[in-house]
Structure formats: structure tokens, C-alpha cells
Amino acid sequence: MLSPSILARVSAMSIIGRRGIHFLRKLSAENVPSDLIEKGQSRVIDASLTLIRESAKLRGELVRALGGAVASTSLLGVPLGHNSSFLQGPAFAPPRIREAIWCGSTNSTTEEGKELRDPRVLTDVGDIPIQEIRDCGVEDERLMNVISESVKLVMEQDPLRPLVLGGDHSISYPVVRAVSEKLGGPVDILHLDAHPDIYDAFEGNIYSHASSFARIMEGGYARRLLQVGIRSINIEGREQGKRFGVEQYEMRTFSRDRHFLENLKLGEGVKGVYISIDVDCLDPAFAPGVSHIEPGGLSFRDVLNILHSLQGDIVAADVVEFNPQRDTVDGMTAMVAAKLVRELAAKISK
């Protein structure tokens, strides 16, 4: 059962979204010039990018002033859920993950001993205002560009490296694209998920959360793509995997693959390693708050063993598909997502 506060936010977002759409339709019906609408959209986008730019600049200045950091994790929220094929609750995830990261029920030290309250380990540049941009009638192609540009703005502030909070999995495409373009070449990707998300265009949507890795591979943004935790895959998923040379490790063979996956060495000869974690890679016993519940998944310790033992320069990462609307009353999955973020931050920062 959803709490009153979540129900209120769901209702508010739905009403706001409808108002924005109706407002634009009204403007079109009244023959408002398209260039006027276009200029308004551009102002909102510019304001969004300015917010991220200045926030990242401030965090970068702070980390550089403290000194001693070669790489520092910085959170960037992308509260986008409309490209989900089932439920759109992941749009509400970033603030819930942040709340859980700093929950008083645990301390701020990671398992590897890094202190999250040290800005050289973790900072936060805030969220891209996805809903406000969409309310202006901005289409997905342009919205994806805004996400990419926002990621690049974080990366411009050396030594900041983006750890993106989704949102549905469609955000991985513009994020990986930005990382690859900014670094000047492809990366190796470790993708943990119950699904391969490699449909050509799921339900006709090229930006679907089920098609993000098809766009990544088409664009040449990854040299190697390792998909771990897969247990919901059809013929197209396997054919697309073969087409792009994807290394797919299904749960039905995990016991055989475990040793290899817990001793990965990635990123040599390319620009680094990108990690994408869909929370549904975990068995629902560990993470019930996801849109696509798929039994038979990884344990939380399986995931941490893979992450902790990974050798490679982690240049960016994302944690996606946590759906607060399906979480337990006590926020169990929020805490799971938060711990993934905490351990990734420790892995990235150095």
C-alpha cells in the first residue's frame, strides 16, 4: 500500500503533466507561433543546464580546494519514467535514494572504509528538472540531448565523475553517449540486469528503457558490453546480443560463471569502465520495489562481490529502475539502491 505522501506526489505529477500538455495544445489551437514556443523551450533548457553547470562548478571547486582526489563521485539525478513500458514509478526514485543514503539507521562509511561525508568521495549536483522540461513540450530526442549535456557539464569539473540516479533505464543511453564523447572513445560496460534491454525499438519507441543498449552499441560508445543477471530474454534479445557481440551471462549458468564474473578486469585499451545497475538484477527477495519483478536473480552479496573485485578505472555509473511506488512500507528497496550507490561511489573515488 502506498503511503499518503507518495500518493500525493503521484497525483501532483500527473496533474502537472496533464496541465502542461493541455497548455501546449491550447497554444497550438490558438495559432501561437511555433517559434515562440521553441524560444520558451530553449529558455527552460538553458536554465536547466545553467543549474547543473553552476552546481557542478561549485562542487568541483570545493573538491579541488581540498586536494588529494584523482577521481570524485558526484550524484546527478535524472527523474525520468515515461519511457518505461510498464510502470513509471522510477521517476520518483532519486530523492528516495538520497534520503536512504543519509538515513540515520546506518553510518556514512562504505564497506571498503571510505567516508561518504568527505566531499572528495561524494558530492551531489542535484536533479535535471525532467518534468518541467517535458511540460514545455520538449520531445525525447531533445530531452536526451539535455541529459547528455548535463553529464558533460559534471565531467568538465575535474575530478568529478558522474554517478547517475534514475529514472528508468532509457537514461543510460544519453549518459553513456556523453561519457564516451567527452572522453573521446568507447568504454567497457558492466551491465547488471534481469533483462538485456537491447530491443531494436520496443513497442515502436527507440528510446524505450528496453532499447537503451541497442542505441549504445549502434553508436559505437562501448567496446565490450557484459550483461550479468539476465533471466528474462527472448529470441530478439539473443539475436541482438549476437549482432552487437554482447557477452550475456544468464542466471541459469551463474554458478558456472561466478568465478569469472568475480574476477573481471575491464577498460584496458579504452577510455575506462561504465557500470549500469538495474535494481531488478537482484532477486525480488532483496529488492521488491521494482517495476519488473523477476524471480531467480542475484543476491545482494553476489552484486557486491562482482563490484568489489572488479579491476578497472570506473569513469561513470548509473543506478536505475528503483520504483518507490512498489517498495515495502519501510523502504527496503530504497536502502538497497542507496547501498549500491554508496559502494559505487567508493569504487569510483580515489
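Which residues of helix 10 (residues 300-309) are buried? In this predicted model, the buried residues of helix 10 are F300, D302, V303, L304, I306 and L307. An α-helix has 3.6 residues a turn, so residues three or four places apart point the same way. The cover over the buried residues of helix 10 includes strand 4 (187-192), strand 5 (222-230) and strand 7 (273-278), together with helix 9 (254-261) and helix 11 (332-348).

Helix 10 belongs to a chain whose secondary structure comes to eleven helices and eight strands. The radius of gyration of the chain is 20 Å, close to the 20 Å that the globule rule gives for 350 residues, so the chain is as compact as a globular protein of that length. Along the principal axes, the C-alpha trace spans about 65 × 50 × 45 Å. Of the 350 residues, 56% count as buried. The accessible surface of the chain comes to about 14,600 Å², and carbon and sulfur atoms account for 52% of that area. Sequence separation in the contacts can be stated as well: among contacts between residues at least 6 apart in sequence, 80% join residues at least 24 apart.

One pairing of residues distant in sequence involves A91, found in the loop between strand 1 (72-78) and helix 3 (93-101). The C-alpha atom of A91 is separated by 4.9 Å from that of G167, although the two residues are 76 residues apart along the chain. Is A91 buried or exposed? The relative accessible area of A91 is 9%, and A91 is therefore buried, the cut-off being under 20%. Helix 3, at the other end of that loop, is mostly covered, with seven of its nine residues buried. These are A93, P94, R96, I97, R98, A100 and I101.

A47 gives another case, this time in helix 2 (residues 34-66). Its relative accessible area is 47%, which makes A47 partly exposed. The C-alpha atoms of A47 and V175 are separated by 20 Å, and these residues are 128 residues apart along the chain.

The backbone has cis peptide bonds to note. G167, the partner of A91 above, lies in the loop between strand 3 and helix 6 (172-183). The peptide bond from G166 to G167 is cis, with omega near 15 degrees. A cis peptide bond also joins D158 and P159, where omega is about 10 degrees. P159 has its place in the loop between helix 5 (140-155) and strand 3 (160-166).

Backbone angles also draw attention to the loop between strand 4 and helix 7 (212-218), where D197 lies. D197 has a positive phi of about 50 degrees although it is not a glycine. E203 lies in the loop between strand 4 and helix 7 too, and E203 has a positive phi of about 55 degrees, again without being a glycine. How do their accessibilities read? D197 counts as buried, because its relative accessibility is 8%. E203 counts as exposed, because its relative accessibility is 66%.

D197 also leads to the second largest pocket. About 230 Å³ of space lies in this pocket. Of the 16 residues that line the pocket, the closest to its centre are H195, D197, Y199, A210 and S232. By class, the lining has five nonpolar, seven polar and four charged residues.

Methods: Residues are numbered from 1 along each chain as its sequence is written. This is a predicted model: local features need pLDDT of at least 70, side-chain atom pairs count only at pLDDT 80 or more; totals for chains, interfaces and linings use all residues. Side-chain values use heavy atoms; hydrogens and water are left out. Buried means under 20% relative accessible area, exposed over 50%, partly exposed in between (1.4 Å probe, protein chains only). Helices (H or I, at least four residues) and strands (E, at least two) are DSSP runs, numbered from the N terminus. Contact means heavy atoms within 4.5 Å. On a 1 Å grid over the protein atoms alone, a cavity is a set of points where a 1.4 Å probe fits but cannot get out, and a pocket is an open set with protein on both sides within 12 Å along at least five of seven lines; lining residues have an atom within 4 Å of a point. Grid points are joined across faces, edges and corners, and a volume is the space filled by probe spheres set on the points. Ala, Val, Leu, Ile, Met, Phe, Trp, Tyr, Cys and Pro count as nonpolar, Asp, Glu, Lys and Arg as charged, and the others, Gly among them, as polar. The radius of gyration is taken over C-alpha atoms; the globule rule is 2.2 Å times the number of residues to the power 0.38. Accessible areas come from the Shrake-Rupley method with a 1.4 Å probe; for residues, only the protein chains shown count as cover.
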